[in-house]
Amino acid sequence: MSQETPVEQLTEAEAREELARLADLLAVANRAYHAEDAPQISDAEYDALKRRNAGIEARFPSLKRSDSPSDMVGAPVAEGFGKITHAVRMLSLDNLFEGEEVTEFDARIRRYLGLGADDPLTYTAEPKIDGLSLSLRYENGELVHAATRGDGAVGENVTENARTIDDIPVTLDGAPEVLEVRGEVYMSHADFEALNTRQAERGGKTFANPRNAAAGSLRQLDPSITRDRPLRFFAYAWGALSEPLSETQMGAIKRLDSLGFQTNPLTVTCDGPAELLAHYHAIEEQRATLGYDIDGVVYKVDDLGLQRRLGFRSTTPRWATAHKFPAELAWTWLEAIDIQVGRTGALSPVARLQPVTVGGVVVSNATLHNEDYIDGRDSKGEVIRDGKDIRVGDWVQVYRAGDVIPKIADVDLSKRPEAAQPFAFPTTCPECGSEAIREEGDAVRRCSGGLICPAQAIEKLKHFVSRGAFDIEGLGAKQVEQFYRDGWIKEPADIFTLRDHYGSGLQQLKNREGWGEKSASNLFDAIDERRRIPLAKLIFALGIRHVGESASGLLARHYGSWAAFEAAMGAAEPLEGEAWDDLLSIDGVGEVMARSVVTAFAQEAERASIDRLAAMLDVEEAARPEADSPVAGKTVVFTGTLEKMTRSEAKARAESLGAKVSGSVSAKTDLLVAGPGAGSKAKKAAELGIETIDEDAWLALIGDA
Ligand code: JCF
């Protein structure tokens, strides 16, 4: 990542741009990984992107996007399994990579808790298993269900499969009435090799690595297949509990162990960052001889009372982190550079590589980001890789860090073939021939063809039918692409006339290859089922740049109905005036996103296509946010000394209840919480007639007293 402008040096404008780029890259990576079960970039690369994103957000909190990758956890639920809503959300972990960051992690926790550098603070450290997480729910000692993490809130029901895993007890003795045990399903190296050999002999599917093998094996619709796969399970956490397991993390792990779960024998307690780091190195040294894949070491605050106080950010606990092992590198030949055109017209260069194994995974594609990256410059025009450009025929270093899209980190000029020419980045779209334009301040060149570009049209359609959007059963990326190529579906509205046009008469869907009477009629029914659609899903499905799932939710809740939303976008078109200001007033909607939506509605062809679609649908109104906490929607200011919590704890708690926390008192302030020593703010609040309460009254108000 050294090639990129360090986060500390980014200007605000660059940061905004970079956050947009990272959101795009991570969305692409996520889709590639989850839709195809075949990662394109490594875990570490993926982590590096997420980390950079988080770093920029930390420096410029106001630029955080409503579709921020920081708010995503894992994959949406796959089709085919029932869904289980987790009683307690399943979390992922923040990552750190460098030794010094362990000290920062410790310092951050101390600051949050108001502890001094010399106060004792114990952590646990354990290997981070590279498998997939699973939540097991026991009621009265019986396993009642098992669910994958899914998106953290809702997972897949894999109970029958989990029952076939030897390490997972079906009954427990002496367990709390309700006990959700969380841990990692994984496959050992030996079992993985044997499985792949067996699969190859039978002409079956072989797996890229043990993690994919474990995921593929657990997510079998037929449990008898899972039974034949040698899966294992380590327990390391818990969800809902009817009574506490212990007062410490280590105590809880021991309790899980005595209940009959496998827990990792390398789990230890450490007093402070130096001991954590020493254990990290000890585990790193044993990594190759463990017999299963690990990708780092997990650190947790040992005291569960402190864990409770530390709480969570949106998807990760403050009391834990994963210290990842460094990325893996390999050298290979760059055989070609292809250009892919995305949904928003972005031309993305993809490196086609002579296949090479990087950290156990065969890599044949890598991202080259954009034209400047190929040239040896970052998006600011600053020199990267000492200014070396990348050419077809070069000997290049591939970098994989984790699990999603590998990238080219370096090039060896001493091996450059004489005939190698600088890469000429196309200025026309390779898919439709339209001019490809790079706008001021955009790192990316984009096809200007809009809907006439088949690549954009197809990508837009794929997005339209994807999981967070219309999610039409039987109409996935493959089918949409086929229908597009046949001229049956050119835009989303055409999906809803498919039955009328191709259900009967000369061109019948059921007579086409791959389709029969039943599947055709099921498809038409599935399409009809989606004619009624929540407003947020419709907005998201439109595939407007910068408008992700959470932004769509914000817009839907703000405008309430399709008619109101559509009218407002039209009225905001001059990018000024009341409707424009109203759009910008939505918390979480920034200027870039606002501009993007309004412009989409202002483009005649696009607007016509949206109107044709809306005419086919019955759009459900969105519920306006309801005040479900006494401080929801209120602007709160804390001042003076707080005695029962630190300032950041108070802020996080207030925000989790829907309040907005501000640093200064103004006419917009609804409530001032003043501790001893409150000065000018209390005075100002009194002048403005703003309600002022003390810490105890605040705790009583929010029900924490
Ligand atoms: O080993 C792991 N992959 C692992 C993942 C271990 C842990 O202790 C975890 C985790 C994910 C979340 N703990 C949490 C809270």
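This report walks through a ligand site, one helix and three single residues in a predicted model.

Some ground rules before we start. Numbering runs from 1 along each chain as its sequence is written, and side-chain values use heavy atoms, with hydrogens and water left out. Because the model is predicted, local features need pLDDT of at least 70 and side-chain atom pairs count only at pLDDT 80 or more, while totals for chains, interfaces and linings use all residues.

**The ligand site**

Let's begin with the ligand. Its surroundings are Leu91, Leu93, Glu126, Pro127, Lys128, Ile129, Glu184, Tyr236, Val298 and Lys300, where a residue is taken as near if one of its heavy atoms lies within 4 Å. By class, that shell has 6 nonpolar, no polar and 4 charged residues. Here Ala, Val, Leu, Ile, Met, Phe, Trp, Tyr, Cys and Pro count as nonpolar, Asp, Glu, Lys and Arg as charged, and the others, Gly among them, as polar.

Which strand gives the most to the shell? That is E4, with 4 residues. E4 and E11 each supply at least two. Helices (H or I, at least four residues) and strands (E, at least two) are DSSP runs, numbered from the N terminus.

The table lists polar contacts of the ligand, meaning pairs of N or O atoms within 3.5 Å; within protein, one atom must be able to donate a hydrogen and the other to accept it, and residues adjacent in sequence count only if both atoms are side-chain atoms.

| Ligand atom | Protein partner | Distance |
|---|---|---|
| oxygen | Glu126, side-chain N or O | 2.8 Å |
| oxygen | Ile129, backbone N or O | 2.8 Å |
| nitrogen | Glu184, side-chain N or O | 3.3 Å |

On its own the ligand has 370 Å² of accessible area, and the protein covers 92% of that. The areas come from the Shrake-Rupley method with a 1.4 Å probe; for residues, only the protein chains shown count as cover.

**Helix H8**

Now to H8, residues 249-258. Its buried residues are Gln249, Met250, Ala252, Ile253 and Leu256, with buried meaning under 20% relative accessible area, exposed over 50% and partly exposed in between (1.4 Å probe, protein chains only). They sit on the same side of H8 because they cover an arc of only 160 degrees around the axis, going by the directions from the helix axis to the C-beta atoms. An α-helix has 3.6 residues a turn, so residues three or four places apart point the same way. Over on the other side, Lys254 and Ser258 are exposed.

What do the buried residues of H8 pack against? Their partners are strands E4 (123-129), E8 (178-186), E9 (232-241), E10 (268-270) and E11 (294-301), plus helix H10 (304-310). Contact here means heavy atoms within 4.5 Å. After H8 comes Gly260, with a positive phi near 110 degrees.

**Three single residues**

The contacts below leave out residues up to four places away in sequence.

Thr316 is in the loop between H10 and strand E12 (320-324). It is buried, at 7% relative accessible area, and touches Leu91, Ser92, Leu93 and Asp94. Two of those names, Leu91 and Leu93, also turn up around the ligand.

Ala520 belongs to helix H16 (residues 517-529) and counts as buried because its relative accessibility is 3%. Its contacts are Leu509, Lys510 and Trp515. Arg499 is 21 residues away in sequence, with 9.0 Å from C-alpha to C-alpha.

Gly468 lies in the loop between helices H12 (454-465) and H13 (477-485). At 16% relative accessibility, Gly468 is buried too, and it touches Lys537, Phe540 and Glu549.
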